[in-house]
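Please open the model in your viewer and keep the selection panel at hand, as the tour below moves from one residue to the next.

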Amino acid sequence: MEVHDRRDVLDVHNAIVSNSSFDDVNMSNTRFHDVNLSAARIHRTNLSNTKVEDANLSNAYFTNVNMSNVKIENAQVAGMMINGISLEDLFQAYETAKTAGGN
């Protein structure tokens, strides 16, 4: 199925659309529920003001991303790295500095 130069609302349920391609598409205010996006490639995408909840991001790779004002709560972060530094090591350094009277 091809959809070109259209402005329609798609209502897709219980479908397999793997290996599909979306290029220059406005999907703002779109809801994804119980969706498998494993091995997806997301490039030059605006996800500002997006809420991601109950998601499995294990082994995900983020590069050249703007994460300003991102809030992460109740997350499993074992093995998470930021700019090559273990998040667990960062937390440990923070706690050590806090205990030593640092800010």
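Which backbone oxygen does the side chain of Thr50 reach? Before selecting anything, bear in mind that this is a predicted model. Now select Thr50 together with Leu47, and you will find that the side chain of Thr50 reaches the backbone oxygen of Leu47 at 2.6 Å.

Stay with Thr50 for a moment and look at its setting: Thr50 lies in the segment before β1, the strand that spans 81–82. Colouring by accessibility would place Thr50 among the partly exposed residues, because its relative accessibility is 45%, a value that falls between the 20% and 50% cut-offs. Next, add Val70 to the selection and draw a C-alpha to C-alpha distance, which comes to 10.0 Å for Thr50 and Val70, two residues that are 20 apart in sequence.

From here, turn to the charged side chains. Side chains of opposite charge can pair when their charged atoms come close. The structure holds two salt bridges, and each deserves its own selection.

For one of them, select Glu53 and Lys51, which form a salt bridge with their closest N and O atoms 3.8 Å apart. Both Glu53 and Lys51 are exposed.

For the other, move to Asp8 and Arg6, whose salt bridge has its closest N and O atoms 2.6 Å apart. With the surface switched on, compare the two partners: Arg6 has a relative accessible area of 55% and is therefore exposed, whereas Asp8, at 45% relative accessibility, counts as partly exposed.

Conventions:
Residues numbered from 1 in each chain as written. Predicted model: local features only at pLDDT ≥ 70, side-chain atom pairs only at ≥ 80, totals over all residues. Heavy atoms only, no water. Salt bridge = Lys/Arg side-chain N within 4 Å of Asp/Glu carboxyl O. Buried < 20%, exposed > 50% of the residue type's maximum accessible area, 1.4 Å probe, protein only. Helix = DSSP H or I, 4+ residues; strand = E, 2+ residues; numbered from the N terminus. Polar contact = N/O pair within 3.5 Å; in protein donor to acceptor, adjacent residues only side chain to side chain.
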